Amino acid sequence: MTTSLPRIGDPMRVPDTATMRDAFIDAAADLLDDDPRVAVVLADISVGHERFAQAAREHPDRVLNVGIREALMVSTAGGLALSGMRPIAHTYAPFLVERAYEQIKLDFEHQGVGGILVSVGASYDWSQGGYTHFSPGDVALFDTMPDWTVHVPGHPKEVGGPLRAAALTDDKVYMRLSTLANAAPHQTTGKLSLIKSGEGPLVVAVGPTLDNVLLATAGMSVTVAYANTVRPFDLEGLRALAHTGEVVLVEPYLEGTSSRLVAEALIDRPHRTLAIGVKRVDLHKYGTPADHDRWHGLDPATISERIAAFSR
Amino acid sequence: MTVTSARFGYDDLRGLITRVVDVKHAPEDSTLDVLWTLYDRVLDVSPDRLDSPDRDRFYLSKGHNPGSFYAVLAAKGYIPDAWLDRAFTAGSRLGGHPDRTLVPGAEISSGSLGHGLPLAVGTALGLRAQGLLKPRIYALLGDAELDEGTNHEAMAYAGATGLDNLTVVVLDNGSASHGWPGGIAARFTAQGWSASEVDGRDHDAIESALRSHNGSAPHAVVAFATSNI
């Protein structure tokens with residue numbers, strides 16, 4: 001466990017405005033002010049953030065820190081939903097999703113209620129912390145359960161809108177925040193955004209991978225689309241853009257997580273898929289997130305090589 | 001107090017259970033008196049108030065051996081007793097573990113041990129946050145279920161924060177593989193709960209223990225009920 005994130009990583013990739021975590025905390029605190037149904041459940045992570053501390057003073061019954069007890073945190077969120085509240089549970093991704101996986105499985109859908117889960121840490125944001133703090137499999141785990149909406153923002157400005165929209169529903173929603181981010185924000189429509197058009201494959205960049213994908217494809221005639229909502233996946237958009245039947249998925253979590261959806265979307269057409277993402281391997285390495293991008297092949301050079309080989 | 005148009009009384013329960021499972025199955029038998037006392041004397045809820053925000057909630061955390069639970073729900077008019085005869089079959093609303101989306105009166109879906117108390121903590125917090133100070137949350141666990149670590153997360157947190165609208169009943173029929181040296185009640189009181197130990201067959205004693213929460217701490221009732229069979 002850790003209670004703070006060291007300032008590490010490539011500063012060129014971190015916007016000098018707020019981080020995604022800051023954007024989340026601001027939006028959640030606003031929701032606490034605006035909507036008496038909203039409650040935030042924490043497990044020590046982010047508790048000391050100024051805006052949350054202030055919200056806890058103003059709404060002591062609705063900002064709930066259960067201590068370092070992630071399973072309890074998730075079940076508490078389910079129990080809040082059973083009472084009619086709209087819970088937002090938040091902590092580090094591996095502890096929120098992997099440690100408390102059965103709580104997520106049984107204490108929302110199986111109870112007939114919803115909730116909002118918001119993680120930080122992503123696949124290797126705190127690379128110096130090592131594998132214990134990595135959660136490359138989180139989105140794949142949500143794929144084992146019915147009807148979760150999954151947002152993978154690529155910029156701090158892509159956080160608040162989906163969070164506010166989620167608070168208005170009773171849906172089951174996961175938001176995967178990262179310290180890795182693109183230089184510019186994009187729309188949060190739930191649909192694929194067309195970034196550039198070309199004659200080659202459709203390259204779908206998910207969340208913070210977009211800038212690396214754009215660098216990787218700078219000299220290529222390919223179509224690049226951007227996704228910051230991956231569940232439900234925009235299958236219609238994919239069909240409309242996959243002119244050649246060749247699709248490259250670039251995901252910042254476990255490689256191939258969305259391949260089955262590409263196959264589903266294009267079932268009536270000949271198609272080929274290249275999946276690029278985090279490998280199924282425990283590297284036992286530290287370093288920077290950029291190092292891990294390179295080791296997993298999510299750096300611009302490797303993405304470029306793999307797309308070129310795939311297109312031949 | 002509960003007001004129902006019950007068609008069955010306590011003496012009918014074993015007959016109702018037999019329509020679901022073998023009543024001689026010990027865990028069914030040992031839970032029966034606590035369940036009956038809760039629904040007959042303590043819980044402020046009725047079949048026509050299942051959506052009332054002000055109702056008491058009962059979370060059957062140990063969803064195993066639900067025959068006695070279904071029998072009590074049928075006796076108190078939450079479900080038709082005819083459902084008991086088709087339990088576990090295709091299309092039945094009654095299965096080996098209760099599903100709240102299928103069973104009127106079942107406040108949670110349970111079966112995997114260690115979920116009911118943490119869920120109850122969340123609901124207790126949610127009712128408090130909504131200013132609903134009258135209803136109480138009751139969660140029933142088994143002594144073996146207490147093995148699950150999630151219960152201990154919940155016990156520590158509820159005690160530390162004085163979650164006073166929460167009552168846990170631990171039905172102790174001596175099933176925990178490694179026992180609880182020093183007793184179960186002591187584990188709650190050490191974490192700031194009030195606790196009572198009671199004969200799990202004595203309805204008056206169970207009722208008294210369930211009502212003995214002190215208004216400033218969560219309350220635990222340890223009911224000893226080895227099977228009569």
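This talk walks through a predicted model with chains A and B, from the domains of chain A to the contact between the chains and then to a few unusual backbone sites.

Let me begin with chain A, which is divided into domain 1, covering 11–176, and domain 2, covering 193–311. The C-alpha centres of domain 1 of chain A and domain 2 of chain A lie 26 Å apart, and the contact between them involves 23 residues of domain 1 and 22 residues of domain 2. On the domain 1 side of that contact, helix H6 (138–142) and strand S5 (148–151) of chain A each contribute at least two residues. If we sort the residues on that side of domain 1 by class, we find 11 nonpolar, 8 polar and 4 charged.

Staying in chain A, I would like to look at strand S4, residues 115–120. How many of the residues of S4(A) are buried? The count is 6 of 6, so to speak of the strand as mostly covered is fair, given that a residue is called buried when 20 or more other C-beta atoms lie within 10 Å of its own. The cover is found on both faces, with Gly115(A), Leu117(A) and Ser119(A) buried on one side, and Ile116(A), Val118(A) and Val120(A) buried on the other.

The pairing of S4(A) can be described strand by strand. Strand S3 of chain A, residues 86–92, is joined to S4(A) by 5 bridges and runs parallel to it, and within that pairing Ala89(A) stands opposite Leu117(A). Strand S6 of chain A, residues 172–176, is likewise joined to S4(A) by 5 bridges, again in parallel, and here Ile116(A) has Val173(A) as its bridge partner.

Now to the contact between the chains, which takes 25 residues from chain A and 23 residues from chain B. On the chain B side, helix H4 (116–129) and helix H5 (149–160) each supply at least two residues, and H4(B) gives the largest share, with 11 residues. By class, the residues on this side of chain B divide into 11 nonpolar, 9 polar and 3 charged.

Since H4(B) and H5(B) both take part in that contact, how do these two helices pack against each other? Two packed helices are described by the angle between their axes and the distance between the axes. For H4(B) and H5(B) the angle is about 30° and the axes are 8 Å apart. Because angles under 35 degrees count as roughly parallel, H4(B) is roughly parallel to H5(B). The residues that meet are Leu117(B), Pro118(B) and Val121(B) from H4(B), and Thr150(B), Asn151(B), Glu153(B), Ala154(B), Tyr157(B) and Ala158(B) from H5(B); by class they divide into 6 nonpolar, 2 polar and 1 charged.

Chain B also has an open sheet of 5 strands, in the order S1-S2-S3-S5-S4, with parallel pairing. Its edge strands are S1 (57–60) and S4 (194–199) of chain B, each of which pairs on one side only, and the twist averages 20° from one strand to the next. Looking inside the sheet, strand S2 (residues 137–142) and strand S3 (residues 166–172) of chain B run parallel and are joined by 6 bridges, with Tyr138(B) having Thr167(B) as its bridge partner in S3(B). Helix H4(B) comes back here, since H4(B) packs on the sheet, touching S1, S2 and S3 of chain B, and its direction makes about 170° with that of S2(B).

Let me finish with the backbone. Most residues other than glycine have a negative phi, and most peptide bonds are trans. Which two residues of chain A are joined by a cis peptide bond? They are Arg231(A) and Pro232(A), with omega about -5°, and Pro232(A) lies in the loop between strand S10 (229–231) and helix H9 (235–241) of chain A.

Two aspartates of chain A have a positive phi. Asp44(A), with phi near 75°, sits in the loop between strand S1 (38–42) and helix H2 (50–58) of chain A, and Asp44(A) is partly exposed, with 19 other C-beta atoms within 10 Å. Asp147(A), with a positive phi of about 65°, is found in the loop between H6 and S5 of chain A, and Asp147(A) is exposed, having 12 other C-beta atoms within 10 Å. That loop brings us back to the contact between the domains, to which H6 and S5 of chain A each supply at least two residues on the domain 1 side.

Technical notes: Residues are numbered from 1 along each chain as its sequence is written. Chains are lettered from A and ligands numbered from 1 in the order in which they are written. This is a predicted model: local features need pLDDT of at least 70, side-chain atom pairs count only at pLDDT 80 or more; totals for chains, interfaces and linings use all residues. Helices (H or I, at least four residues) and strands (E, at least two) are DSSP runs, numbered from the N terminus. Two strands pair if DSSP finds at least two bridges between them. Two residues are in contact if their C-beta atoms, placed from the backbone, lie within 7 Å. Ala, Val, Leu, Ile, Met, Phe, Trp, Tyr, Cys and Pro count as nonpolar, Asp, Glu, Lys and Arg as charged, and the others, Gly among them, as polar. Domain bounds come from an automatic or database domain assignment. Axes are lines fitted to C-alpha atoms, for helices over the stretch in contact, and angles run from 0 to 180 degrees between N-to-C directions. Angles under 35 degrees count as roughly parallel, over 145 as roughly antiparallel, 65 to 115 as roughly perpendicular and the rest as oblique.
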